[in-house]
Amino acid sequence: MDMTEEKKSEKKISFSEVKHKLWTKRFLFIKVWVITFVLSVIWIYPQPRFYIAKTSLAPEANGESTSSLAGIASSFGLKLGSGTTVDALYPSLYPDLMGSNEFIARIMPLKVTTFDGKIKTDYYTYLKKHQKVNVLKLPFIMLAESVSKAFGDKHAAQNLKATELNPFSLSKNDNDLFEAARSYIRCEVDKKTDVITISVTDQDKLVCAALADSVCRQLQNAIILYRTKKANADVVHYKELADSAYVEYQHAINDYARFCDSNQESILESVNSKRDRLENAMQLKYTTYQTLVAQLENAKAKLQERTPAFTILSGPSVPIKPAGPKRVQFILGMLVLVTIILVPKVIGQDMFMAMLRKVV
């Protein structure tokens, strides 16, 4: 019983000692809080505001028969069975597709306009010349640019247009822009529903909304291009064959017509035999042409079947409020952080750990 009372007394003395030490150092806390508050305000308020626009879409079945479960699954990028033709581009790979240099290069020429209408240019130039930065970072940015010019690659200073970018070989500056675009444009896929969510972050609210819509269409076009590549090649192939067969059929008609016109009065068996041969050749060319036209129409039907459709679940809209930076949360977080750091230093490391053990 005495031991319990002694422990309670020790605990009370410990907490009262901590309270006393903290109270005696209250002006130190106030000074640190004021300095932290001022520095946090100086740092966070020049930070440019940014907005986030989102859009979500889902792939649809392409009109295959509902009895063909594997066909429906293939339109969603799923594998069912080894006997069916499946796609290699699954929805889970769409973020990787959007993160590729080839996809980013297709986004760079897109036209953007700021909310105030003062800037109208392509996205590449917008990222390169019209991004706001914290004024406190300007000396470091200028220093980094000077070092880059002095020791960087020779192609870093090239002034390329958005349409001239080569995703296979980028300069350091362009690669930095591509990395920035990758961080601003995000794609997420729900593994259960395959719903695709595209989010775009930008300093201008109209740019991020317009870019979200454009990126969504670019992704749809990329998926459609992949899914219909083989079927589209078949259409082009049969179109060329049908056109060639039609030309040959026209030549056969002309040969037959000229021969008949020049030998109308002839009763020679050799003339009749040649006329029959020309007529048979003309019919053969016509049959070939008809067959290729039928195959062309069939290829077009397959192309339509392979073309995926998309349902826009929620379209992008111009955001009303900025998504960040969270200035109040940042300042409060910094105040809490310095308090957590300062308390052990004031009361002593050993006493702080002992207090924690008693609390736990």
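I take buried to mean under 20% relative accessible area. I started with Asp-194 in this predicted model.

**Entry 1: Asp-194**

I looked up the cover on Asp-194. Its relative accessible area is 12%, so Asp-194 counts as buried. I then placed Asp-194 in the chain: it sits in the loop between E4 and E5. I also checked the backbone. Phi of Asp-194 is near 65 degrees, which is positive, and the residue is not glycine.

**Entry 2: Thr-201**

I moved on to strand E5, where Thr-201 lies. Is Thr-201 buried or exposed? Its relative accessible area is 19%, so I noted Thr-201 as buried. I then listed its contacts, leaving aside neighbours within four places in sequence. Thr-201 touches Phe-50, Tyr-51, Ile-52, Tyr-184 and Cys-208.

**Entry 3: Asn-272**

I went next to helix H11, residues 269-306, and found Asn-272 there. Asn-272 has a relative accessible area of 18%, and therefore I put it down as buried. I took one distance as well. From the C-alpha atom of Asn-272 to that of Cys-260 I read 9.4 Å, and the two residues are 12 apart along the chain.

**Entry 4: the whole chain**

I stepped back for the totals. I counted 13 helices and 6 strands. The chain has 360 residues, and 31% of them count as buried. I found an exposed area of about 23300 Å², with 59% of it supplied by carbon and sulfur atoms. I also looked at contacts with a separation of 6 or more. Residues 24 or more positions apart account for 75% of those.

**Entry 5: the nonpolar cores**

Which residues touch the most other members of the largest nonpolar core? I found Ile-107, Met-108, Tyr-123, Ile-198 and Leu-211, in a core of 38 residues. I then asked which elements give two or more residues to this core. On the helix side I have H4 (94-99), H5 (101-107), H6 (123-129), H8 (172-184) and H9 (205-227). On the strand side I have E1 (51-60), E4 (185-189) and E5 (196-202). H9 supplies the largest share, with 10 residues.

I followed up on Ile-107. Leaving aside neighbours within four places in sequence, I saw Ile-107 in contact with Tyr-123, Ile-185, Leu-211 and Val-215. I also logged a second, separate core. It has 8 residues, including Ala-231, Val-235, Ala-242 and Leu-303.

**Entry 6: H2 against H12**

I examined one helix pair. H2 covers residues 26-44 and H12 covers residues 327-347. They pack at an angle of about 145 degrees, and their axes are 9 Å apart. I recorded the crossing of H2 past H12 as right-handed.

Which residues make the contact? From H2 I listed Leu-28, Phe-29, Val-32, Trp-33, Thr-36, Phe-37, Ser-40, Val-41, Trp-43 and Ile-44. From H12 I listed Arg-327, Phe-330, Ile-331, Met-334, Leu-335, Val-338, Thr-339, Leu-342, Val-343 and Val-346. I sorted the residues of this contact by type and got 16 nonpolar, 3 polar and 1 charged.

**Entry 7: Gly-324 and Pro-325**

I finished with a peptide bond. Gly-324 and Pro-325 are joined in cis, with omega at about 0 degrees. I located Pro-325 in the loop between strand E6 (309-314) and H12.

Methods
Residues numbered from 1 in each chain as written. Predicted model: local features only at pLDDT ≥ 70, side-chain atom pairs only at ≥ 80, totals over all residues. Heavy atoms only, no water. Core = buried A, V, L, I, M, F, W, Y, C linked by side-chain atoms within 4.5 Å. Buried < 20%, exposed > 50% of the residue type's maximum accessible area, 1.4 Å probe, protein only. Helix = DSSP H or I, 4+ residues; strand = E, 2+ residues; numbered from the N terminus. Contact = heavy atoms within 4.5 Å. Axes fitted to C-alpha atoms, helices over the stretch in contact; angles between N-to-C directions. Left-handed = near helix turned anticlockwise from the far one by under 90°. Nonpolar A, V, L, I, M, F, W, Y, C, P; charged D, E, K, R; others polar. Areas by Shrake-Rupley, 256 points an atom, 1.4 Å probe, with all protein chains shown as cover.
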